[in-house]
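Let's take a walk through this structure together. Keep the sequence and the 3D view side by side as you read.

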Amino acid sequence: MVYDLEPLLLSLKLAGVTTFVLFMIGVPLAYWLSRSRSWVRLPIQVLVTMPLVLPPTVLGFYLLLGMSPASLFGHLFLKYLHLRLVFSFPGLVIGSVIFSLPFMVNSVLAGFEGLPPSLAEASRVLGKTERQTLFHVLLPNIKPALFTGLALTFAHTMGEFGVVLMIGGKIPGVTRVASIAVYDEVEAMNYAAAHLYAGILFAVSFAFLVLLFLVNRRFYRGIQ
Amino acid sequence: MSETLFFSLKKRLRSVQGEMSLEVEVTVGPSEFACFYGPSGAGKTTILRMIAGLTDPDEGYVKYGATVWFDSRAKINVPTRLRRTGFLFQDYALFPNMSVRENVAYAQVKRGKNRAVDAILDTVGIRALGDQYPGRLSGGQKQRVALARALMEKPDVLLLDEPLSALDWEMRVKLQKDIAKIHDRFSIPTLMVSHDPTEIARLSDMVYRLDNGRITGSGRPAEVLAVDNIVKE
C-alpha cells in the first residue's frame, strides 16, 4: 500500500514557517513586554495569552471572518498582495502564528523576566547601548527560554487541528496537514494510514521535547 | 586628573516602613573615599543608583567637576552609559555567558586591546582565571572580576554597593586591602555603601550616617563611628 506523505510534509512546512515567523515577532514582543510600564502592556499580554484558553474553533471562526475577502483585512491582502487567505497556505501560517503566539512569547518573556535586573544595568553602566545589551548580554543568557519557545511552537503547530480546519479546510497539498489527515483516515475507517500519521506526529513531538530537555540541561550545566 | 563629585538629590521612596523622603547633599573630593552607612531601607543604594543614572531623582543635581550628569531644573539627564561610572553590584552582576576575560573585555570601548585586559586582571590578581566562567568562581573571585570590569575603562567615579557583604571574613579583609590599593592607584572619587564598621574604618576618609532618608551624622570614620559606639577609640 502506498501512503501519501504529503500531509506530513505540509505539517513540517507549516511548523517550520510558523516557528520562524513567530521567532522574529515573538522575541521583540517579549522584550518589549519585559520592559514596558505602559498601560497597554496588560491588555497586550492578555491578548497574547488568549489562544491558550480559547477553543481553537472560536479563534478559527474569527480568523475565518477576518481573513475572508469580504473583510477589510482579507480584502487588502487580496488587492495588494494578491493573496487569498482563507483556504490557503499563507492563511494557515497567519492562523498558526496567532494560535502559537503564547508558546513563543510567554516562554521568551519568562526568560527575560528571570534574569537579574543588574545584568542589563551593569551593561548600561559599562557604556553599552540597549541594542548591545540585548544582543550580547540578555539574549545569550536566555538561550533555554529561546529554545523552549522554538521547540514548543514547532511541536504545537505540528499538532494543530481546530484552527487549521476552520480557516484552511482540508485541501490536499494545500491545507490538509497531518493532524487533519488522521481525522480523515479514521472517518474513512482507514486505520493503517491513520496509524502512520498519528505515530509520526507522536514521535516528532516526543523527539522535540526530549531534545528540548537535553539542550536545556546542558546549558544549565555549562553555566554552573 | 580626577574631579570632585557633587550631588544634591531628592526622591520619594516607598519602603517597608511606608513612604519616605530621601534628601541628601554631599561633595566627594577628587580622590576621596566616602561611605554611607545606616539601617537597611534608609536609601543608601538608591543614592548610588541615582548617581549612576539607574534611578531618576525627583529633584536635584549630580555633577562631576563642571560636567552635569543630572539637573532637574535644567532638565538634563545624561544616560547611564555616558556617565563613566564604575558600579560594583551587591550580586556582582557578572555575565554568565562570558568568561572572566570576556566579561572584562566587554567593558572596552574599542575591543581587542588584550594587553589592557591582562593588566587589569593582574591588578586584581585573577589573570590565571581568565578562561573560567563566572558560575565556577567563588564569591571573592567574582567580586574581583566585577572590580576589574568596573575599572577597565578607568571610570571617573567608583560606586560600591555593599561589595563585600556576601563574603566570609578572611576574603573581606583581603578584598578591603585590594580596594584600598586600587583606590590609591586610581585616585578617583569613590562612594561605598557598607554595614561593616571595620570595613568603613579601614577604607573611608568620610562617613555619612543615613537614617530614614536623611544624613544624621558625618565626619571622619573614627568620629562618626565612635559617637555611635560602634568603634571605641
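**A strand in the middle of chain B**

Asp161(B) in strand 8 of chain B has Val193(B) in strand 9 of chain B as its bridge partner. This is a predicted model, in which local features need pLDDT of at least 70 and side-chain atom pairs count only at pLDDT 80 or more, while totals for chains, interfaces and linings use all residues. To find your way, count residues from 1 along each chain as its sequence is written, with chains lettered from A and ligands numbered from 1 in the order in which they are written.

Strand 9 covers residues 190-193, runs parallel to strand 8 and is joined to it by four bridges. Between these two strands of chain B the chain passes through helix 5, making a right-handed β-α-β crossover. Right-handed here says that, with the strands pointing away from the viewer, the path from the first strand over the helix to the second runs clockwise. Helices (H or I, at least four residues) and strands (E, at least two) are DSSP runs numbered from the N terminus, and two strands pair if DSSP finds at least two bridges between them.

Strand 8 of chain B also pairs with strand 7 (residues 85-88), again in parallel and through four bridges; there, Gly86(B) has Leu158(B) as its bridge partner. How many of the residues of strand 8 of chain B are buried? Five of its five, across residues 157-161. Val157(B), Leu159(B) and Asp161(B) are buried on one side, Leu158(B) and Leu160(B) on the other. A residue is buried if 20 or more other C-beta atoms, placed from the backbone, lie within 10 Å of its own, exposed if 12 or fewer, and partly exposed in between.

Helix 1 of chain B (residues 44-52) is another covered element: eight of its nine residues are buried, so it is largely enclosed by the rest of the structure. Among them are Lys44(B), Arg49(B) and Met50(B). Right after helix 1 of chain B comes Gly53(B), with a positive phi near 90°.

Now zoom out to the domains. Chain B is assigned domain 1 (1-84 + 155-233) and domain 2 (94-154), with bounds from an automatic or database domain assignment. Their C-alpha centres lie 24 Å apart. Domain 1 of chain B brings 12 residues to the contact and domain 2 of chain B nine, where two residues are in contact if their C-beta atoms, placed from the backbone, lie within 7 Å. On the domain 1 side, helix 5 (residues 169-186) of chain B gives the most, with six residues. By class, that side has 10 nonpolar, no polar and two charged residues. Here Ala, Val, Leu, Ile, Met, Phe, Trp, Tyr, Cys and Pro count as nonpolar, Asp, Glu, Lys and Arg as charged, and the others, Gly among them, as polar.

As a whole, chain B has seven helices and 11 strands. Its radius of gyration, taken over C-alpha atoms, is 18 Å, close to the 17 Å from the globule rule (2.2 Å times the number of residues to the power 0.38) for 233 residues, so chain B is as compact as a globular protein of that length. Of the 233 residues of chain B, 43% count as buried.

Finally, look at where the chains meet: the contact takes 17 residues from chain A and 19 residues from chain B. On the chain A side, helix 6 gives the most, with six residues.
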